[in-house]
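Trainee: I have a new model open and would like to learn how to read its helices. Could you walk me through them?

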Amino acid sequence: MKQILWSLAVVAITAVSSSAAIAQSSSAASRFPVLQGITLTATQQQQLTALSDQVIADIEKVLDPSQEAQLRQALANGTDIRSTVSGLNLTADQQGQTQQILQSAQGSITQILTPEQKQQLQQNARRLRVRGF
């Protein structure tokens, strides 16, 4: 009886852990669509969440209050970072600064991923470019 209860507990914990990992993966993928379909470890997810938060904070420093409000609203609605930024009415200077921030983020993303994940990332990036992202 104890073995059955122990087995059920292990299965339940595994199911909850898997669900949490999937939810976290979709969170990173929602902010960085290029990550869609890439299975991330918990550590990678934490690193990407921290990176995402830093990218947003850096972009907010470039924006005026109205643009910042638009950014926050779009992100709250689930729009990815790049699409959100491209939808703002940015000055040429702001465009240059945000482009640098996003390019730096791309480099940071690739440092977090394994070689296999990087291959998937490249495939995703090609697919997104074809679709106009």
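Mentor: Gladly! Let's begin with the term itself: a helix here is a DSSP run of H or I with at least four residues, and helices are numbered from the N terminus. Glutamine 46, for instance, lies in helix H2. Keep in mind that this is a predicted model.

Trainee: How many helices and strands does the chain have?

Mentor: There are six helices and zero strands, so the pattern along the sequence reads α-α-α-α-α-α.

Trainee: And what can I say about the chain as a whole?

Mentor: The chain has 133 residues, 32% of them buried. About 8500 Å² is exposed, with carbon and sulfur atoms supplying 55% of that area. Among contacts with a separation of 6 or more, 57% join residues 24 or more positions apart.

Trainee: Let's zoom in on H2. What is its span from first C-alpha to last?

Mentor: H2 covers residues 42–62, which is 21 residues, and reaches 31 Å. That is close to the 30 Å expected at 1.5 Å a residue.

Trainee: Is glutamine 46 buried or exposed?

Mentor: Compare its relative accessible area with the cut-off: over 50% means exposed. Glutamine 46 has 57%, so it is exposed. Its C-alpha atom is 9.2 Å from that of alanine 28, 18 residues apart along the chain.

Trainee: What about glutamine 44: buried or exposed?

Mentor: Here the other cut-off matters, since buried means under 20%. Glutamine 44 also lies in H2, but its relative accessibility is 6%, so it counts as buried. Leaving aside neighbours within four places in sequence, glutamine 44 is in contact with Thr39, Ile112, Leu113, Thr114 and Gln117. The buried residues of H2 also include Leu48, Leu51, Val55 and Ile56.

Trainee: How do I describe two packed helices?

Mentor: Two numbers do it: the angle between the axes and the distance between them. H2 and helix H5 (residues 92–112) pack at about 170 degrees, with axes 10 Å apart. Because angles over 145 degrees count as roughly antiparallel, H2 is roughly antiparallel to H5.

Trainee: Which residues make that contact?

Mentor: From H2, the residues are Gln44, Gln47, Leu48, Leu51, Val55, Asp58, Ile59 and Val62. From H5, they include Gln94, Thr98, Ile101, Leu102 and Ala105. By class, the contact of H2 with H5 has 10 nonpolar, six polar and one charged.

Trainee: At what angle do H2 and H3 cross?

Mentor: H2 and helix H3 (residues 65–76) cross at roughly 155 degrees, and their axes come within 9 Å. That makes H2 roughly antiparallel to H3. Ile56, Ile59 and Glu60 in H2 meet Glu68, Leu71, Arg72 and Leu75 in H3. The contact of H2 with H3 divides into four nonpolar, no polar and three charged residues.

Trainee: Ile59 was named for both H3 and H5. Which residues does isoleucine 59 touch?

Mentor: Not counting residues up to four places away in sequence, isoleucine 59 touches Leu71, Ile81, Val85, Thr98, Ile101 and Leu102. Isoleucine 59 lies in H2, and at 1% relative accessibility it counts as buried. The C-alpha atoms of isoleucine 59 and isoleucine 81 are separated by 9.6 Å, with their positions 22 residues apart along the chain.

Trainee: So for H2 I should keep two packing partners in mind, H5 and H3.

Mentor: Yes, and you can set exposed glutamine 46 beside buried glutamine 44 when you look at H2 on screen.

Notes: Residues are numbered from 1 along each chain as its sequence is written. This is a predicted model: local features need pLDDT of at least 70, side-chain atom pairs count only at pLDDT 80 or more; totals for chains, interfaces and linings use all residues. Side-chain values use heavy atoms; hydrogens and water are left out. Buried means under 20% relative accessible area, exposed over 50%, partly exposed in between (1.4 Å probe, protein chains only). Contact means heavy atoms within 4.5 Å. Accessible areas come from the Shrake-Rupley method with a 1.4 Å probe; for residues, only the protein chains shown count as cover. The expected span of a helix is 1.5 Å times one less than its number of residues. Axes are lines fitted to C-alpha atoms, for helices over the stretch in contact, and angles run from 0 to 180 degrees between N-to-C directions. Angles under 35 degrees count as roughly parallel, over 145 as roughly antiparallel, 65 to 115 as roughly perpendicular and the rest as oblique. Ala, Val, Leu, Ile, Met, Phe, Trp, Tyr, Cys and Pro count as nonpolar, Asp, Glu, Lys and Arg as charged, and the others, Gly among them, as polar.
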